[in-house]
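User: Please take me through this structure one question at a time, and explain each term when it comes up.

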Amino acid sequence: MAAGAPPSFLAEVEKKADELVRAAEALHLHGAAWQGADEGARHAFVAGGFFVYMVTPRSELVSIRK
């Protein structure tokens with residue numbers, strides 16, 4: 001839920017999310033055929049705070065949680 005978050009923070013989250021998606025695409029080229037373990041939840045720090053994300057290669061999904 002992004003309600004109440006400052007627009008500047010949301011802009012930083014969006015930029016970082018784009019980077020995370022590009023990195024996941026490069027690292028997990030085979031997506032749904034991925035056989036390795038998921039990395040688990042991680043933190044990403046941006047100006048104004050941080051958020052938690054998780055890359056799930058088999059689902060070709062990057063989940064972001066504030």
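Analyst: Contact means that heavy atoms lie within 4.5 Å of one another. This is a predicted model, in which local features need pLDDT of at least 70 and side-chain atom pairs count only at pLDDT 80 or more, while totals for chains, interfaces and linings use all residues. Residues are numbered from 1 along each chain as its sequence is written, and side-chain values use heavy atoms, with hydrogens and water left out.

User: With which residues is Thr-56 in contact, leaving aside its neighbours within four places in sequence?
Analyst: Thr-56 has its place in strand S2; helices (H or I, at least four residues) and strands (E, at least two) are DSSP runs, numbered from the N terminus. Once the neighbours within four places in sequence are set aside, the contacts of Thr-56 are Asp-38 and Leu-61.

User: Is Thr-56 buried or exposed?
Analyst: Buried means under 20% relative accessible area, exposed means over 50%, and partly exposed lies in between (1.4 Å probe, protein chains only). Because its relative accessibility is 13%, Thr-56 counts as buried.

User: In what order do the three strands form the open sheet?
Analyst: Two strands pair if DSSP finds at least two bridges between them, and the pairing in this sheet is antiparallel. The edge strands, each of which pairs on one side only, are S1 (42–46) and S3 (61–65). The order is therefore read from the open sheet, where two strands pair if DSSP finds at least two bridges between them, as S1-S2-S3.

User: Over how many bridges do S2 and S3 pair, and which residue of S3 is the bridge partner of Tyr-53?
Analyst: Strand S2 covers residues 49–56 and pairs with S3 in the antiparallel sense over five bridges. Val-52 stands opposite Arg-65 in S3. For Tyr-53, the bridge partner in S3 is Ile-64.

User: At about what angle does helix H1 run to S2?
Analyst: Axes are lines fitted to C-alpha atoms, for helices over the stretch in contact, and angles run from 0 to 180 degrees between N-to-C directions. Helix H1 is made of residues 7–27 and lies across S1, S2 and S3. The angle between H1 and S2 is about 25°.

User: Which element supplies the largest share of the largest nonpolar core?
Analyst: A nonpolar core is a set of buried Ala, Val, Leu, Ile, Met, Phe, Trp, Tyr and Cys residues joined through side-chain atoms within 4.5 Å. The largest one has 10 residues in all, among them Phe-9, Val-13, Ala-44, Phe-51 and Val-55. H1, S1 and S2 each supply at least two residues of this core. The largest share, four residues, comes from H1.

User: How far apart in space are Ile-64 and Ala-44, C-alpha to C-alpha?
Analyst: Ile-64 lies in strand S3 and is partly exposed, with a relative accessible area of 40%. Beyond its neighbours within four places in sequence, Ile-64 is in contact with residues including Val-13, Ala-17 and Phe-51. Although Ile-64 and Ala-44 are 20 residues apart in sequence, their C-alpha atoms are separated in space by 9.7 Å.

User: How far apart are the closest N and O atoms in the salt bridge of Lys-16 with Glu-19?
Analyst: A salt bridge is a side-chain nitrogen of Lys or Arg within 4 Å of a carboxyl oxygen of Asp or Glu, and by this rule the count comes to two. In one of them, the side chains of Glu-12 and Lys-15 meet at 3.1 Å, N to O. Lys-16 and Glu-19 both lie in helix H1, three residues apart, about one turn of the helix. Their closest N and O atoms are separated by 3.6 Å.

User: What is phi of Glu-60 near?
Analyst: Most residues other than glycine have a negative phi. Glu-60 sits in the loop between S2 and S3 and is exposed, with a relative accessible area of 62%. The hairpin of S2 and S3 has four residues between the strands. Phi of Glu-60 is positive in a residue other than glycine, near 50°.

User: In which element is confidence highest?
Analyst: Confidence here is pLDDT, the predictor's confidence in each residue, from 0 to 100. The mean pLDDT of the protein is 87, and 98% of its residues reach 70 or more. Confidence is lowest in S3, at a mean of 89, whereas the highest mean, 96, belongs to S1.
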